[in-house]
Amino acid sequence: MSTFPIPAVLAVALCLAACESQRADVAQHQDIEGYVHLCSSCHGVTGHSVSPTFPILAAQQADYLEAQLHAFRDHSRADPHAHTYMWGMAAHLDDAAITKLAAYFSAQPASRGEPVDDKTAATAKSIFIDGIESRNVPACVACHGEKAEGQGAFPRLAGQHRAYLADQLRLFRSNARANETMHDNALNLTEPEIDALAAYLSSL
Amino acid sequence: MLALRFLLGLALVAVLASAHEAKALPSYARQTGQECAACHNGFPELTPYGRLFKANGYVFPGSTSDIPAVSAMAVNSYTHTQQPQPGGAAPGYGANDNFAFELASLFYGGAISSELGIGAFIQSTYNHISGRYSWDNTDIRWAHSSIIGDREWVYGISLNNNPSVTDLWNSTPAWRYPFQSSGLAPTPETATLIEGALAGSSLGGTAYLFWDRLIYGEIGLYHTLSPRLSTTLGVDPTGSNSTSGPALYWRLAVEPTWGRHSWEVGTFGLTASQLPGRVAGFGTDDTTDVGIDTQYQFLAADYSLSLQASHIFESSTLNSSFAQGNASNLHDSVSSSHIKASVSYDQTYAVTLGYFRVIGSADAGLYNGISTNNSPNSDGLIGEIDYTPFNHGGPGIWPWANIRFGLQYNYYLKYDGASKNYDGNGTNASANNTLYLFTWLAF
C-alpha cells in the first residue's frame, strides 16, 4: 500500500493546475474564458452541443445571440428551458461580455445535421421558399436567408438540431416563447409540417 | 494554510453521519440561478450538466443572489410494516404505523472560492429517531479545467468522508436508489464494505480526472476516524472497525453521449484491511470490493427515462474475526446487485422500480443470531412514486424551496437468508414488507 503513487497523482493534478490554461486560445478573449467554459457545459466548447435540448451556437448570427442573452438576462425570453438554465447563466453577464460571447460563438465553424429524405425535403423546401399563402404562412427565406444562414437578429437555422427547431416552432405557436411574428408564422403550421421543416433545416 | 484551516473549520463547524442521503440543494440553485431540474433528473440523480457542475467543484456562478450557500432539509414520514415490530420500531416509537419527524439536515452547498475553484457539499444531520446530531456526506473539492489538444480536462481533488460520495453517477453506493428509506423499518443486515461501512466513519482524499466528458478516473485513500474524533463528529464508535493502513478507493467510467442519451459503463472498488471492533493482536480482516456499474439516461424536454445497475463482488479474508471466533470461515464472499428504472414526467411526477439482491457464503460465526441458516442472502423489490411540485421553481416568496411527496413500498422475497422463518422464530421475509410515505422539504 505504501508504494501506491498517490503523491504522483496529486503532483500531476497540481502540475496541470499550474499550467497556463489553454482555453484562452479557444476563447480568443481572455476575459470571457470562464464564461465560455460555463457555456460549454451544455453547448460544447466550440458551440456544437450534443443534446438537442441545447441549441448549436456555432456560426449563429452574433446579433441574434446577443439579443437572446439580453432576453434571458431581463427574463423577456421565458420558455421552460430559458427559465431552467439560461436565466441564471445570463444573470451575471454585462453588456460587454454578452457582445464578446456572441462574437466568439458566431465565429465558430458551422456544421450540418443529418441528411433528410427527398419527400420531406421537398415539403419543407416549398414552405421555406414559398410559404403557404392559403394559411398565411410566409416564406422563411425572407428573413432567415437563402441558405437559412440567418441575418442579423434573425437566427441561423441551418445545421441546428432537428428536435430543437421543432421544439422552438411549437413554443412559438403556443406563445411559451414569446415572439409575435414567429407566433403568427407558426400558428398555422401542422405537426407534420413542423417536423419536416425541422428535419430539412437541420440537414442544410 | 489559511485556506486549509478554513476548510477544516467548515468541516468541523458543519458537525455533521448517518448515511441519510442529501438531495438537490436550494443553495446551488441560488448560486447558479438555475432550477433544480438543470442539474437533477429527479434529485439526487444528476443530469450531464449536473455531473459537470459537481466535477468542476460546485463553483459555477449565475444568480445575483447574495444569500449564503446554506440550505436545510427535513424529512417527515409514516411507516407501516407488514408485521409489527415487537417492543417498538425504535425507542420511543410504537410497534407499527409510526408517524415520525425523521431528520433535519443543514448544508453548506456551493462555492467557497470561485476564483480558486474551491467548492463544497457539506451536510450535517440531526437524526430525530436516534437523537444524534452528526456530520453527514461531506465533499470539499478543488477543481480546474483546461483545454489541452482540443480536449477538455477537468480535474480536481476532494476531501470527503464516504467512498463514492464524490462520484458523478447514481449507480454507485453513496448516491444510488432508494434515495430515501424509512428509519423505522427493518432492513437486511448484510452489505458490502463500500455500501456505507465507511460512510461518515472515515476521512479520505481522492484525485480525479474527467477527460473530454467521456472518461472519468478517480483514486483515493481513506482512513477510519479515531473513536474520539468519531464522537466529536457525532458518529457513535461503538462496535466500529478501524482500518489498518489506508483503504484504497478507485473508479473508472466511460460515458458516451449522443443526442439526448447518455450511457455510462464503469468499475469501482474499495480494498481495506480492518481491525474488527478495533481489536489488535489477531491480524486483520482484509476485504476487497470490485464493482461494475452502468447508467443510461434519456432526457427529453418533458419526460425522462433513467436506468442504473451495479454489481459488487466482495472477497474477504477474515484473519482477525476467524481467530477471535467471530467468523467460521477464513474466507467469505458476498455479492450485492442493484438495478432500478425510473420514468418521470416534467421533472414533477416519477415512478421508479428497483430490485436488489445480496448473496454470500454462509458463515455461522458472522451471521449467528441474524439468520437461522447462517446466510446473508436477501433480495427484494422497491417501488416508489414521487410528486415534486417545485422542481421548476418554488413559491414566489422563496423560489428555491423544494418539496417531494413520496410513496415507497419495499417487498422482500428473501430476508437474511430465507423466505420463511429466517430468524428461527417463525418470521417470514414478507413480515418486513414496508409501506413508507414521506415528505422531503428543502429550502
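The following exchange concerns strand pairing in chain B and one helix in chain A of a predicted model.

Reader: What makes strand S8 of chain B and strand S11 of chain B a pair?

Author: Pairing requires at least two bridges between two strands. Two bridges join S8(B), residues 242–243, to S11(B), residues 261–275, so the requirement is met. The strands run antiparallel, and Thr243(B) stands opposite Gln274(B) in S11(B).

Reader: How do you know that strand S9 of chain B pairs with S11(B)?

Author: Seven bridges link S9(B), residues 247–254, to S11(B) in the antiparallel sense. The criterion is at least two bridges, so these strands pair. Leu248(B) has Thr271(B) as its bridge partner in S11(B).

Reader: Why are S11(B) and strand S12 of chain B called paired?

Author: They are joined by 14 bridges, against a requirement of at least two, and therefore count as a pair. S12(B) covers residues 285–299 and runs antiparallel to S11(B); Val290(B) in S12(B) stands opposite Gly269(B).

Reader: Which residue takes a positive phi in the hairpin of S10(B) and S11(B)?

Author: Gly259(B) does, with phi near 50 degrees; two residues lie between the strands of this hairpin. Two bridges join S10(B), residues 257–258, to S11(B), and Thr257(B) stands opposite Ser262(B).

Reader: How do you know whether the span of helix H6 of chain A is close to the expected one?

Author: H6(A), residues 95–106, has twelve residues and reaches 16 Å from its first C-alpha to its last, which is close to the 16 Å expected at 1.5 Å a residue.

Reader: What makes Ile98(A) in H6(A) buried?

Author: A residue is called buried if 20 or more other C-beta atoms lie within 10 Å of its own. Ile98(A) is classed as buried, as are others in H6(A), including Leu101(A) and Phe105(A).

Definitions and conventions. Residues numbered from 1 in each chain as written. Chains lettered and ligands numbered in written order. Predicted model: local features only at pLDDT ≥ 70, side-chain atom pairs only at ≥ 80, totals over all residues. Helix = DSSP H or I, 4+ residues; strand = E, 2+ residues; numbered from the N terminus. Expected span 1.5 Å × (residues − 1). Buried ≥ 20, exposed ≤ 12 C-beta atoms within 10 Å, placed from the backbone.
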